[in-house]
Amino acid sequence: MSATFTGTTRRYTGTLGEVLLRNTVLIAAAVVFVAFSLASSKFASGSNLRNIAIQGSGSAVMAVGMTFVIITAGIDLSIGAILFLSTAGAAELFVHGLPVVWAPLVAVLFGLGLGALNGASIAFVGINPLIVTLATLNLYRGVGGHLTGFSTVYLPPGMTKFGTGTVASIPAPIVVAAVVALVGGVVLRRTVFGRHVQAIGANAEAARNLGLPVRRVLVGVYAISGLTAALAGLIENGRLGALQPTVGLGEELTVITAVVLGGTSLFGGKGSILGSLFGVALLQMVGNGLVLAHISPYVFDMLRASVLIVAVLIGTSRARGLRAVPIVRRGRSEVGP
Amino acid sequence: MQRVVETSEVPVQQVTGSSAAGERRMEIRRMVIGRLRDLALIPALVAMGAVFSLTTSDFLTQQNLLNILQQNAVLGIAAIGATFVIISAGIDLSVGSTIGAAGIAASAVMLHAHSIALGIAAGIGAGFLTGSTLGLLIAFFELTPFVVTLAGMFFASGLTVYLTKGSTLGPLPFWLDNLVFRKVLGIPAAAIITVTLFVLAQLALTRTTWGRRVQLLGANSETARISGVDVRFVTWSVYAVAGVFSGIAGVELVASLSAANADTGAPFLLPVIGAVIIGGTSLFGGQGSIARTGLGVLFLAVLINGLSLLGFQVYDQQAVEGAVILLAVALDILLHRKGYVDTA
Amino acid sequence: MLGKHIRLMLIATAAGALAVAVIAAGSAGAKPSATPTIGVSFDLLNQIRKAELTGIKQYAAKKHVKILFSVANNDANQQSQQIQNFISQHVTGVIAIAQNGDQIVSSIRAANRAGIPFATIDRAPGKGGKVVAQVTGNALGDGAKVANYMCSLHRPLNVLLMVGALTDANAIGRRDGFLKAAKSCANIKVVQQLPTNWDPTTALNGVTNAFQAHPEIDGIFDPSDYLLPAVVSALKATQHFYPVGNAKHVTVVTIDGDNNGCYALRTKWIDADVATQVGKFGPSAIDAILANKAAKVVKVPGLTLSQQNYTATHSSVWGCAYGPNGFKK
């Protein structure tokens with residue numbers, strides 16, 4: 001890709017821009033919530049809200065990982081396939097004698113590994129993240145299909161507890177999502193790794209010149225995405241009680257849209273876990289409401305796609321407006337797609 | 001989206017300051033590797049063909065070879081458009097959904113207006129509209145091609161599914177077979193159309209001012225701008241052209257299936273980009289040729305056909321295809337890093 | 001003179017044309033083998049498809065017919081190419097489960113042009129091609145059987161009508177068959193329709209939400225055993241999961257008759273399963289190809305397996321031959 005200096009400098013902007021962007025989705029979520037509550041008395045009931053929270057947990061968990069990835073100006077299309085394959089791998093080992101208590105951990109390790117594979121191809125070989133994750137999307141699902149013989153596989157209780165269990169009367173999916181979001185937020189904002197992620201997203205070249213371990217961080221980011229996909233797999237497959245070959249198909253679109261909705265820019269450099277969570281909540285509420293109102297499912301797909309375009313346009317114009325200090329560049333600096 | 005680049009994009013001799021003899025050796029090595037890269041694809045293709053001929057008796061038959069040409073017309077035509085975009089150092093992720101949308105548009109018009117010509121025009125027009133819109137966003141709003149075409153992909157496919165409610169439009173007039181299966185001098189029409197488009201596109205790339213500007217833009221947009229090239233127009237135009245080719249490909253696709261469905265175009269994204277890169281056009285832009293893309297298309301086509309005849313299941317085929325494409329991209333990046341690839 | 005690349009292209013094209021000409025002169029193509037070979041093209045692979053394939057393979061073995069098998073992974077274009085490859089391999093016949101009924105027509109016509117008999121199973125093709133056999137289940141009939149079974153329970157039911165993918169003719173047929181038969185049964189009231197796109201998570205969320213909106217639901221029509229785990233999990237999550245015989249049991253009727261459905265019946269989770277007799281598809285198709293006569297349209301009726309007739313009928317249902325955990329390949 002050439003040195004088209006497009007002028008979209010990505011300095012990590014301070015709290016003001018971040019709060020502005022985050023509030024957009026917050027306001028939108030609040031509006032939708034109020035509107036739906038007024039439209040149907042059943043919407044705001046405790047059990048319905050609990051349902052929405054449980055149903056959105058898988059996406060929420062993956063949105064945390066995807067936020068990291070998109071902050072580095074990358075993308076991960078393979079999360080649905082990792083969701084499937086990580087559980088499939090653990091289940092296969094269980095059938096061959098692995099004690100069930102270790103199965104969830106094994107699934108998580110598989111997720112880490114599959115994600116790291118993505119990351120290594122992107123960071124060490126330098127292949128475009130879209131091409132890599134598009135290829136692994138097919139590859140991983142195919143491997144999982146082979147492992148399960150394309151059949152529905154009932155999972156043992158030791159593996160379903162993340163979906164159907166409770167922790168102190170709170171449904172496990174909500175607990176997992178909350179913990180992942182918290183840990184993700186802390187890692188992003190308060191650890192060196194998190195700061196490196198943001199710096200790389202803002203300007204990879206400058207980050208490397210500063211001596212940051214760019215490649216290792218990138219591998220880590222995709223490993224995190226794989227990890228969250230594996231956790232989402234434990235949740236969603238656990239809720240189903242069975243591993244089915246089409247699980248997670250297309251879910252990456254919802255997750256990416258939620259993250260972008262939440263204010264994380266596809267151009268990299270800025271992002272917010274909290275924003276992504278609100279994005280998931282918004283999409284989940286809309287999906288839930290549409291079904292309750294008997295509206296055609298295709299409306300949701302269109303909505304999701306249009307939302308993405310609008311969010312990209314808004315996000316871009318804001319990125320320009322919030323540009324603080326233009327960083328002087330010489331020649332071929334901004335090498336991007 | 002940003003790539004991680006090795007610090008030494010500069011050929012080694014400038015850094016180490018070796019002797020004249022060392023420089024000469026380096027020059028020769030670069031030339032040889034450059035030539036090899038240029039020409040390696042043909043021997044590889046022939047070798048692969050030989051392997052398949054030996055392992056299955058179904059490969060080297062007239063019918064199968066003609067099938068390969070006809071089956072990959074859609075891929076080939078779409079890859080032409082993608083080549084222009086990639087030479088200009090851009091990328092178009094919307095190619096699959098544009099193919100689908102164009103097919104739907106063409107079919108809808110054919111069925112309602114009862115005119116094949118209008119339908120074909122509608123399909124190509126839909127492709128142009130999509131490409132042009134994306135090109136506008138990229139050229140005049142200066143948005144990153146990756147993001148814009150990604151969003152375009154989601155939007156186009158969402159819109160198409162919504163408008164058709166997922167249903168299939170058909171059956172289309174059987175006359176359309178003439179655009180695909182009908183044999184002229186023994187060669188399927190699809191192949192003739194594809195090869196003609198390839199020749200025209202290659203001429204456009206190398207013989208027209210526009211074509212040279214596209215290459216210049218891809219090599220270094222700053223230099224292009226300074227030398228008076230209207231960067232915005234040329235940028236917009238490559239995406240519009242890509243849209244047109246995707247539109248033609250979409251029409252060809254529904255003609256071969258006699259019915260249109262929103263999903264049918266989606267699987268083409270990865271093979272299209274893969275074919276361009278395998279052919280030798282670099283993702284970094286500035287060099288490449290339509291002819292090379294043709295070889296890339298042939299390579300993928302023969303690979304998939306051979307694996308299919310040998311009984312590989314489609315999941316394994318996809319794995320092999322994905323692996324080959326990844327290898328090609330990795331090689332492209334590696335060679336670029338070591339300075340063996342000229343931006344000619 | 002000519003640019004380097006134009007030269008390259010012309011050389012490649014000339015070489016290719018020469019090769020094709022030489023081969024055309026030299027061979028008439030691979031000779032069809034002595035054993036009849038049937039190309040079998042499926043749209044995807046899952047539990048019921050594997051049963052269909054087994055039915056085909058077993059019968060083919062009996063008839064000394066060789067099978068070439070391909071799966072299109074939900075890609076109609078792939079399927080078209082795979083069938084085209086079968087044709088160029090001079091198969092004796094083609095059996096296909098169409099990914100898209102309308103888009104398979106061009107493959108049928110290609111086979112017609114080559115004089116190769118074509119049989120479609122499971123999904124009906126669009127119009128325009130000549131098939132020697134069209135062997136499908138009876139989606140409308142199966143949907144009606146579900147309604148009839150529910151009616152036979154002689155108690156009022158508030159039914160959640162789950163629907164498969166709206167682009168799947170079988171899904172639409174099952175829904176419409178149910179609705180038509182339910183009209184003439186005063187006991188059946190459809191309180192909600194739920195499109196699921198055949199996605200388990202969508203089904204799980206949808207059923208859970210449906211109970212939220214309509215707590216009075218006490219009957220569920222699940223149009224495929226593929227969604228059974230989702231239905232059962234949703235019932236458990238909403239505290240509506242009671243076995244057959246319990247006063248609070250929610251009546252569940254499904255279609256397919258796969259191993260999970262049979263298991264669910266055996267363990268008294270569900271009330272009935274209208275089994276698609278996939279075992280009959282293959283033999284009908286193969287016979288039609290070998291006979292190669294005029295078109296036969298066969299709608300194989302579903303076989304209702306229920307709590308009431310389980311002992312007598314389960315041996316005729318294909319899914320009951322397998323255990324519930326399909327982990328073995």
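**Exercise 1. Which residues of helix 9 (residues 209–219) of chain B are buried?** Identify them in this predicted model, and then state which elements of chain B cover them.

*Solution.* Begin with the helix itself: in helix 9 of chain B, the buried residues are Gly211(B), Val214(B), Gln215(B), Leu217(B), Gly218(B) and Ala219(B). Next, look for what lies over them: the cover includes helix 4 (73–87), helix 8 (189–207), helix 10 (221–226) and helix 11 (231–257), which belong to chain B.

**Exercise 2. Describe chain B as a whole, and decide where its coordinates call for caution.**

*Solution.* First take the fold: chain B has 14 helices and two strands, and 61% of its 344 residues count as buried. Then consider the contacts in chain B with a separation of 6 or more, of which 78% are accounted for by residues 24 or more positions apart. The accessible surface of chain B comes to about 13000 Å², with 67% of this area belonging to carbon and sulfur atoms.

Now turn to confidence. The mean pLDDT of chain B is 84, and 89% of its residues reach 70 or more. Over residues 1–17 of chain B, however, pLDDT stays under 50, although the model has 42 contacts beyond four places in sequence for this segment. Where pLDDT is low, the predicted coordinates should not be read in detail.

**Exercise 3. Characterise chain A, and locate its nonpolar surface patch.**

*Solution.* Start from the secondary structure of chain A, which comes to 13 helices and four strands. Of the 337 residues in chain A, buried residues make up 61%, and among contacts between residues at least 6 apart in sequence, 80% join residues at least 24 apart. The accessible surface of chain A comes to about 11900 Å², and carbon and sulfur atoms hold 72% of it.

The patch can then be placed on this chain: Val101(A), Trp102(A), Leu105(A), Leu109(A) and Leu112(A) make a nonpolar surface patch of about 490 Å². One of these residues, Leu109(A), is found in helix 4 (residues 103–125) of chain A.

**Exercise 4. How many residues of chain B and of chain C are in contact with each other, and which residues form the salt bridge with a closest N to O distance of 2.8 Å?**

*Solution.* Count the partners before examining single residues: 49 residues of chain B are in contact with 40 residues of chain C. Between them the two chains bury about 3800 Å², 54% of it on carbon and sulfur atoms.

Charged pairs come next. Two salt bridges are found across the interface of chain B and chain C, whereas the search of the whole structure finds twelve over all chains. In one of the pairs, Arg109(C) meets Asp177(B) with the closest N and O atoms 2.8 Å apart. This pair crosses between chains, from the loop between helix 7 (145–164) and strand 1 (183–184) of chain B, where Asp177(B) lies, to helix 4 of chain C, where Arg109(C) lies. Both Asp177(B) and Arg109(C) are buried.

**Exercise 5. Is Gln103(C) buried or exposed, and which residues does Gln103(C) touch?**

*Solution.* Locate the residue first: Gln103(C) sits in the loop between strand 3 (93–96) and helix 4 (105–114) of chain C. Its relative accessibility is 3%, so Gln103(C) counts as buried, the cut-off being under 20%. Leaving aside residues up to four places away in sequence, Gln103(C) touches Thr168(B), Leu257(B), Ala259(B), Ala260(B), Asn261(B) and Thr264(B) of chain B, together with Ala76(C) of chain C.

**Exercise 6. Why are Glu52(C) and Arg49(C) separated by about one helical turn?** Set this pair beside the salt bridge of Arg174(C) and Asp256(C).

*Solution.* Glu52(C) forms a salt bridge with Arg49(C), with the closest N and O atoms 2.9 Å apart. Because the two residues are three residues apart in helix 2 (residues 47–62) of chain C, about one helical turn separates them. Glu52(C) is buried at 1% relative accessibility, and Arg49(C) is buried at 5%.

For the second pair, the side chains of Arg174(C) and Asp256(C) meet in a salt bridge with an N to O distance of 3.8 Å. Arg174(C) lies in helix 6 (residues 169–183) and Asp256(C) in strand 9 (residues 251–256) of chain C, so this pair ties together parts that are 82 residues apart in sequence. Arg174(C) counts as buried at 9% relative accessibility, as does Asp256(C) with a relative accessible area of 7%. Finally, salt bridges that share partners join Asp43(C), Arg49(C), Glu52(C), Asp122(C), Arg123(C) and Asp168(C) into one network.

Key: Residues numbered from 1 in each chain as written. Chains lettered and ligands numbered in written order. Heavy atoms only, no water. pLDDT = per-residue confidence, 0-100. Contact = heavy atoms within 4.5 Å. Patch = residues over 30% accessible without salt bridge, like charges linked within 9 Å, V, L, I, M, F, W, Y side chains within 5 Å. Areas by Shrake-Rupley, 256 points an atom, 1.4 Å probe, with all protein chains shown as cover. Salt bridge = Lys/Arg side-chain N within 4 Å of Asp/Glu carboxyl O. Buried < 20%, exposed > 50% of the residue type's maximum accessible area, 1.4 Å probe, protein only. Buried area = accessible area lost by both parts, 1.4 Å probe.
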